[in-house]
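The following exercises train the reading of a protein model. Each task is followed by a solution in steps.

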Amino acid sequence: MDALTAGTVLILVQFCIALVMAGVFFAAPTDKCTRYWAISGSLIALGVLIAILNNRLPRAFALLSGIGLIMAGLIYQWHGILVFYKKQPPKWGWGIFAAFLLILSVLLYLDATAAQRSILYSVTTLILLALSFQAIWQGQGGSPRTFVQSLVQGAIMLLMISYILKIGIAVIYISQGLPVTTLSTREVIVTYLIPTVGTVLFSIGLLLLYFERTVEENRHLATHDELSKLFNRRAIVAAGERELDLAIRLQRELAIAFIDIDLFKHFNDEFGHDAGDTVITEVSAVLQQACRSIDLVGRYGGEEFLIILPGVDSQGAAQIGQRLVEAMHEYHFLGVHPVTISVGMAIVPQNIECSWAQLLRRADAALYEAKNLGRDRYCV
């Protein structure tokens, strides 16, 4: 493949990627990362077009505008990844851009060769690709790396290899004092084909990262309450039915705790519904912290919560009930107003068939007993 054909393919690929990124942005305009990636795709596509049409000639305006657009696009791409992982893009990234343009202007003023300019371009691109790689690596944190993350990082590494090879080729030209004229097949592969493949994989990987997160967020919303961040009613009931079935089959202990915030209407009436939402959110956090890692905590509805306690007998239920009540004593709304809870505990009776509905009714009955006894307590 000759350089003209390879360059044309690269231009078409970049413009297709720009259109796809723009489409994702228009589909999700509120997500800032899609805006960054749409801008990135457009800048890189336009920059590649100008750079290839310029054909490595030392025309200052064409070089500065074409390669400058590519660099700006790479910075937007890196910033988009940071925003995707909910991190603030650093302003010093644009310092790299300014330094690059300044050095390139000096090289043009000194009538530097195409090989010397290629080294500057490749080194700067390597730095920006390395920053994107680091952003993805740090963004995944301690969680297992997914296939999509591996795909994106692999694409970045492929692009980095191509630019390392470009630096090597440029060094050979400089050391031998050769002018850059017609590109050999090897140089066409390094200059055009590898970057084309890497760019396609990188862009597709970014889109898959975005859709992977969207699917995960939708799955989370389907099972979790948006306000409390706990399991929602459907999810906690489903989990309770599974745990009950498992406890009966394996003859294991199981308890549930039905919890109600005492005098919750008082907070809504005196401080407004926003205050009530705050109480629910903060009580949810207190309950979550007071439970074990194996316990399942959910918001049953309104100011009611349900906790599934695997492996807990009547004695353990009393201890947990006391711990939950005491944990709430440490919390005060706005740091001043005490908030208490009533807790109804129910235990799965041994050697007796018990349905989920029956277990829940018993916990509800214990909850009403706790309220009738004066609230701020538990009953088993």
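**Exercise 1. A helix and its length**

What span should helix 2 (residues 32-54) have at 1.5 Å a residue, and how far apart are its end C-alpha atoms?

Solution. The model is a predicted one, and every value below is computed from it.
Step 1. Helix 2 has 23 residues.
Step 2. The expected span is 1.5 Å times one less than the number of residues, and for helix 2 this gives 33 Å.
Step 3. The end C-alpha atoms of helix 2 are 33 Å apart, which agrees with the expected span.
Step 4. Just after helix 2 comes Asn55, whose phi is positive, at about 55 degrees.

**Exercise 2. The overall form**

State how many helices and strands the protein has, and decide whether the protein is more spread out than a compact globule.

Solution.
Step 1. The protein contains twelve helices and seven strands.
Step 2. For 380 residues the globule rule gives 21 Å, while the radius of gyration is 31 Å, well over that value; the protein is therefore more spread out than a compact globule.
Step 3. The C-alpha trace spans about 95 × 50 × 35 Å along the principal axes.
Step 4. Of the 380 residues, 48% are buried.
Step 5. Consider the contacts between residues at least 6 apart in sequence: 72% of them join residues at least 24 apart.
Step 6. The exposed area is about 19200 Å², and carbon and sulfur atoms supply 62% of it.

**Exercise 3. The sheet of five strands**

Give the order of the strands in the open sheet, and identify the strands that stand at the edges.

Solution.
Step 1. The order is 2-3-1-6-7, and the pairing is mixed.
Step 2. Strand 2 (296-301) and strand 7 (378-379) each have a single partner strand, so one side of each is left without a neighbour in the sheet; these are the edge strands.
Step 3. At one edge, strand 2 runs antiparallel to strand 3, and five bridges join them. Gly298 has Leu306 in strand 3 as its bridge partner. Strands 2 and 3 form a hairpin with two residues between them, and Gly302 in the turn has a positive phi of about 60 degrees.
Step 4. Strand 3 (residues 304-310) also pairs with strand 1 (residues 254-261), in the antiparallel sense and over seven bridges. Here Ile259 stands opposite Phe305. Six of the seven residues of strand 3 are buried.
Step 5. At the other edge, strand 7 runs parallel to strand 6 (residues 341-347), to which two bridges join it. Gly344 is placed opposite Cys379 of strand 7.

**Exercise 4. Two residues of helix 5**

Is Thr125 buried or exposed? Describe also the surroundings of Thr125 and of Phe133.

Solution.
Step 1. Thr125 is part of helix 5 (residues 114-139).
Step 2. A residue under 20% relative accessible area is buried; Thr125, at 2%, therefore counts as buried.
Step 3. A polar atom of the Thr125 side chain lies 2.7 Å from the backbone oxygen of Tyr121.
Step 4. In an α-helix there are 3.6 residues a turn, so residues three or four places apart point the same way.
Step 5. Beyond four places in sequence, Thr125 is in contact with Met71, Leu74 and Tyr163.
Step 6. Phe133 also lies in helix 5. With residues up to four places away not counted, Phe133 touches Gln153, Ile156 and Met157.
Step 7. Phe133 and Gly154 are 21 residues apart in sequence, yet their C-alpha atoms are 9.2 Å apart in space.

Technical notes. Residues numbered from 1 in each chain as written. Predicted model: local features only at pLDDT ≥ 70, side-chain atom pairs only at ≥ 80, totals over all residues. Heavy atoms only, no water. Helix = DSSP H or I, 4+ residues; strand = E, 2+ residues; numbered from the N terminus. Buried < 20%, exposed > 50% of the residue type's maximum accessible area, 1.4 Å probe, protein only. Polar contact = N/O pair within 3.5 Å; in protein donor to acceptor, adjacent residues only side chain to side chain. Contact = heavy atoms within 4.5 Å. Rg over C-alpha atoms; globule rule 2.2 N^0.38 Å. Areas by Shrake-Rupley, 256 points an atom, 1.4 Å probe, with all protein chains shown as cover. Pairing = 2+ DSSP bridges.
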